[in-house]
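Subject: Structure handover, with notes on pockets, cavities and one helix

Dear colleague,

I am passing on the structure below, and I would be glad if you could read the notes that follow with it open in front of you.

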Amino acid sequence: MDVSLTLWVLTIVGLCALIAVDFFIGRKPHDVSVKEAGIWTIVWIVLAGLFGLGLLVFGGGQPAGEFFAGYITEKSLSVDNLFVIVLIMAKFAVPSQYQQRVLLVGVLIALVLRAIFIAAGAAIIASFSWVFYIFGAFLIYTAWKLIQEARADEEDEEFEENKLLKAAERRFGVADRYHGTKLWIQQNGKRVMTPMLVVMLAIGSTDVLFALDSIPAIFGLTQDPYIVFTANAFALMGLRQLYFLIGGLLRKLVHLSYGLSIILGFIGVKLVLHALHESGVHVPEISIPVSLGVICSVLIVTTITSLRASRKKAEAEAAAGQDERPAKTDVDA
């Protein structure tokens, strides 16, 4: 797509306006209900759908297909990221009424960092077509790693702070408790960070690791920076509501890692084929409709098999619990 500077500015302003509305509505700390989370999840999905239809009308089927494929991929990867966000919330014992504020600011930090990654990725791709080989190989390796981790079937470990976060804590110091939504306070004559700011930075900075997978993945579906950015933006901005909506469902998505590994591996192969094609080798390329069909099919099958496996496990545990109950004797009677 030939995107003008004016359209870029209008898009960014529009996203900022949506974020401002979201922030204004949720400005008062409170526990987010399932109803509220569900309504806002639908709103963000509808807005993404309308944006995609706008691309279809003004840009044609190719940009619209690339956007929807990228959006669905980023959305599915963001669901996997929620597992880590849950660990971060537990690590810092974030009060439930402050969690939505933490997520909103954390997502904003992640969006800014991803915008930098996207700009750098677009510049590299424009100059060096061979980078597709690296992206493709990395995604295939990530897919294999996801399968290995899923087969290990290990319990989630406690979240470990990264070096950057630890350095910030040593440099500025951290208060011993939350002070509402304040980010900085005066303590013993020194300005220190509150746990609220630390957990926001933790979520935002941890997304850098997630971007190492998601940015190459979406560049495997489209090389248009505008579509890459908007797909990431819509996927990330619905992440906060998704956290409250499916928080209890996360544990039931036991096959999600397998599904994501298939998607990442598929996109990795697509990138390698594209790189070979760019190098003059006559190989078939995977079209966007095929990519969109594969991604949606894998996610649907993964969700169905996950829910079935979780239900069977729950039934087996319930049956085992009943078998372990001591039989009632005549004396007890």
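In these notes Ala, Val, Leu, Ile, Met, Phe, Trp, Tyr, Cys and Pro count as nonpolar, Asp, Glu, Lys and Arg as charged, and the others, Gly among them, as polar. The model is predicted, so local features need pLDDT of at least 70 and side-chain atom pairs count only at pLDDT 80 or more, while totals for chains, interfaces and linings use all residues. Residues are numbered from 1 along each chain as its sequence is written, and side-chain values use heavy atoms, with hydrogens and water left out.

Pockets and cavities come from a 1 Å grid over the protein atoms alone: a cavity is a set of points where a 1.4 Å probe fits but cannot get out, a pocket is an open set with protein on both sides within 12 Å along at least five of seven lines, and lining residues have an atom within 4 Å of a point. Grid points are joined across faces, edges and corners, and a volume is the space filled by probe spheres set on the points.

The second largest pocket holds about 480 Å³, and its lining of 19 residues comprises 13 nonpolar, five polar and one charged. Nearest its centre are Lys75, Ser76, Val79, Leu299 and Thr303. Helices are DSSP runs (H or I, at least four residues), numbered from the N terminus; of these, H3 (61–91) gives the most to this lining, with six residues.

Ser76 and Leu299 are also among the residues touched by isoleucine 263, with contact meaning heavy atoms within 4.5 Å. Isoleucine 263 lies in helix H10 (residues 256–278) and is buried at 2% relative accessibility (buried is under 20% relative accessible area, exposed over 50%, partly exposed in between, with a 1.4 Å probe and protein chains only).

There are four cavities of 30 Å³ or more, and the largest has a volume of about 80 Å³. Its 13 lining residues include Ile203, Asp207 and Phe210, which are among the closest to its centre, and by class the lining has eight nonpolar, three polar and two charged residues.

Phenylalanine 210 is also the centre of a kink of about 45 degrees in H7, where the bend is the angle between axes fitted to the seven residues ending at a residue and the seven starting there. In H7 (residues 195–219), 20 of the 25 residues are buried.

With best wishes

Definitions and conventions: Helix = DSSP H or I, 4+ residues; strand = E, 2+ residues; numbered from the N terminus. Expected span 1.5 Å × (residues − 1). Lists of a residue's contacts leave out its neighbours within four places in sequence.
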